Amino acid sequence: MKIALVHPPEVGRWKVFDERHFFFPLGLGYLASVLEQNQKNFCIVDLAGEQDPLGLLRRELKEERPDIVGISCIVGAGLMEGLECAKVSKEYNCSTILGGPMPSAFPDELLRKEYVDMVCVGEGENAVLDLMNNSQPIRKGIVRSTPPDVTKLPFPARHLFDMKKYSPPIRQWGNKKLGVILTSRGCPYSCKFCYKSLFGYKWRSRTADDVLREIDVIVNEYEQTGIYFADDLFTLDKKRVLEICRGIYEQKYDLTFTCDARVDSVDREMLEWLRKAGCQEVYFGIESGSQRMLDLMSKGTTTEQAEKAIRMSLKAGLMPIGSIMVGMPMERKEDLKETISFIRKNPITYEIAYYSPRPQSEWYKYSLEKGVELTLKDWDKYSQNFRPSFNLTEMPLQRLYELVEEMRDIAAWENPCERAKIFLAREKLHAFSTKNIRKTSNFVSTLFRRKLKGRASKSSE
Ligand code: B12
Ligand code: SF4
């Protein structure tokens, strides 16, 4: 029995980087490493960046003759292309199994396609092993298997991929190559908008030592000195975060990294250690400046905690980035105005995105009641830049658009002096060096780009 693991190409605006650089597919990396560890017969068909991906797939299938083709579909990227790959695999009489965030969200709809045999919902390590051990017969249906013990998993099999493709240079980090790591899975919180069907509610973490060993491989073998911690909740266990940060610090890597955090999961000591270890940006799920909305979504945090997290991060020399959602169920114009005030009061960088209902989330039920259903055809609604044509709020859609434009404009330009002060303090730019000049010019050009973008969107209204 042989399985081919397929990484579909990223196309069009779903491309995260450029024609040559892609986000490393951690999911496939893990599947490959457990197959390798268990000495199973498999191959990887990596179609990212290929000019003729389906041609290459055909050639590989002809040569490798797998029995099963496992296709990973991340978010928008690769879903439709993944389906094309499944269709092609049928020309070679292979069984097909789709896995990843998207198939996990829409298993039934995907199974209706005659060329999709199985859909894996959730983590796939044990699912592929079961398939290869033939304990699961290959027949049409959903595959759900027990989540793996993350403390025992091998590192993702980076050595089986062309890592040059997966080392995008990050401009704001002085073109350091980006690497990605997952140090924990799951999250115990129950935010109503969040999609939890992949890793579930139980937070399962790897030990600090294990994480540090993988960081060493990423830095020394792949020369990726910019790292993104892809955990849903990296900062849940303070002791572990401190151990990881101390370990990185002691190794004296020239490392820059970024992670996500809940505003109530950080304190001064943790933030200072993150900075010391090389963390540059912390993405906070602030979501809204309205306590009413935070309560409605069961975020379990307060606006005061968000402000405190921002203040402490800035003090520690980190760049906090606030993630804000707009157009949420039951949102009123007063809520948006409170979020605008929050942004004014706390002039940091914000990523403002329209809410789009995630299948299987708590709020998805509300959306369905309001007649808003997302199907396979709606991938575009997952894009960061989408503007909803449906309305789940308690204000007219036009008013929502206007307030969001105002919010984006304010977020882009509010308080440039304050922003400059924060920047100077953060970068400790007292020394005159080429590096500092480059950082300063990047900062100024970002501010201007944002301002121009704000103006352009105003004038196009
Ligand atoms: C890194 C990341 C990104 C990156 C890169 C994505 C990419 N193209 O590679 C960036 C920052 C660009 C990004 C953007 C977006 N993302 Co994102 N992203 C993540 C994140 C944080 C980590 C992904 C990851 O590497 N996970 C680790 C690996 C190990 O997990 P995995 O890939 O899911 O693989 C496991 C299983 O899925 C399964 N599996 C995977 N493939 C296969 C194949 C087979 C055959 C089998 C059997 C099993 C299987 O087994 C694997 C191992 O257990 C996840 C959250 C998370 N913690 O997973 C969100 C997540 C995937 N993103 C999400 C979303 C919504 C988006 C955006 C749409 C956000 C937006 N509004 O714009 C965009 C879309 C961008 C795009 N190009 O597609 C959602 C998807 C939710 C959903 N299904 O509805 C997630 C789950 C976050 C969340 N909880 O909401 N994202
Ligand atoms: S939004 Fe963040 S904190 Fe809330 S449930 Fe999802 S991963 Fe957990």
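The legends below describe close-up views of a predicted model.

**Figure 1. Overall make-up of the predicted protein model, as background to the close-up views.** The secondary structure of the protein comprises 16 helices and 15 strands, and 40% of its 461 residues count as buried. When contacts with a sequence separation of 6 or more are taken together, 75% of them join residues that are 24 or more positions apart.

**Figure 2. Packing of helix H8 (residues 238–251) on helix H9 (residues 268–277).** The two helices pack at an angle of about 25°, and their axes are 8 Å apart; since angles under 35 degrees are classed in this way, H8 and H9 are therefore roughly parallel to each other. The crossing of H8 and H9 is left-handed. On the H8 side the contact is formed by Lys-238, Val-241, Leu-242, Cys-245, Arg-246, Ile-248 and Tyr-249, while H9 supplies Met-270, Trp-273, Leu-274, Lys-276 and Ala-277. Sorted by class, the residues of this contact are nine nonpolar and three charged, with no polar residue among them.

**Figure 3. Packing of helix H7 (residues 208–222) on H8, with Arg-240 as a residue of the contact.** The axes of H7 and H8 come within 9 Å and cross at roughly 35°, and the crossing is right-handed, whereas that of H8 with H9 is left-handed. Ala-208, Val-211, Leu-212 and Ile-215 of H7 meet Arg-240, Glu-243, Ile-244, Gly-247 and Ile-248 of H8, and the residues of this contact divide into six nonpolar, one polar and two charged. Ile-248 of H8 takes part in the contact with H7 and also appears in the contact with H9. Arg-240, which is found in helix H8, counts as partly exposed because it has 18 C-beta neighbours inside 10 Å. Leaving aside residues up to four places away in sequence, Arg-240 touches Ser-205 and Ala-208; Ser-205 is 35 residues away from Arg-240 in sequence, and their C-alpha atoms are 9.1 Å apart in space.

**Figure 4. Packing of helix H12 (residues 333–345) on helix H14 (residues 397–413).** The helices pack at an angle of about 5°, with their axes 9 Å apart, which makes H12 roughly parallel to H14. Lys-333, Leu-336, Thr-339, Ile-340, Ile-343 and Arg-344 of H12 make the contact with Arg-399, Leu-403, Glu-406, Met-407, Ile-410 and Ala-411 of H14. By class, the contact of H12 with H14 contains seven nonpolar residues, one polar residue and four charged residues.

**Figure 5. Surroundings of Val-404 in helix H14.** Val-404 has 21 C-beta neighbours inside 10 Å and therefore counts as buried. Apart from residues up to four places away in sequence, Val-404 touches Val-326 and Ile-352. Val-404 and Tyr-354 are separated by 50 residues in sequence, and the distance between their C-alpha atoms is 8.8 Å.

**Figure 6. Buried residues of helix H6 (residues 125–132) and the elements that they meet.** Glu-125, Ala-127, Val-128, Leu-131 and Met-132 are buried in H6. The buried residues of this helix pack against helix H1 (26–37) and against four strands, namely E1 (2–7), E3 (68–72), E5 (118–120) and E6 (141–143). Just after H6, Asn-134 takes a positive phi of about 65°.

**Figure 7. Two loop residues with positive phi, Asn-93 and Met-330.** Most residues other than glycine have a negative phi. Asn-93, with a phi near 55°, lies in the loop between helix H3 (79–91) and strand E4 (95–99), and it counts as exposed because it has 9 C-beta neighbours inside 10 Å. Met-330, with a phi near 70°, is placed in the loop between strand E14 (319–326) and H12; because it has 14 C-beta neighbours inside 10 Å, Met-330 counts as partly exposed.

**Figure 8. Residues around ligand 2.** The shell around ligand 2 consists of Cys-187, Tyr-189, Ser-190, Cys-191, Cys-194, Asp-232, Leu-233, Arg-262 and Gly-285. By class, five residues of this shell are nonpolar, two are polar and two are charged.

Key
Residues numbered from 1 in each chain as written. Chains lettered and ligands numbered in written order. Predicted model: local features only at pLDDT ≥ 70, side-chain atom pairs only at ≥ 80, totals over all residues. Axes fitted to C-alpha atoms, helices over the stretch in contact; angles between N-to-C directions. Parallel < 35°, antiparallel > 145°, perpendicular 65-115°, else oblique. Left-handed = near helix turned anticlockwise from the far one by under 90°. Contact = placed C-beta atoms within 7 Å. Nonpolar A, V, L, I, M, F, W, Y, C, P; charged D, E, K, R; others polar. Near = placed C-beta within 6 Å. Buried ≥ 20, exposed ≤ 12 C-beta atoms within 10 Å, placed from the backbone.
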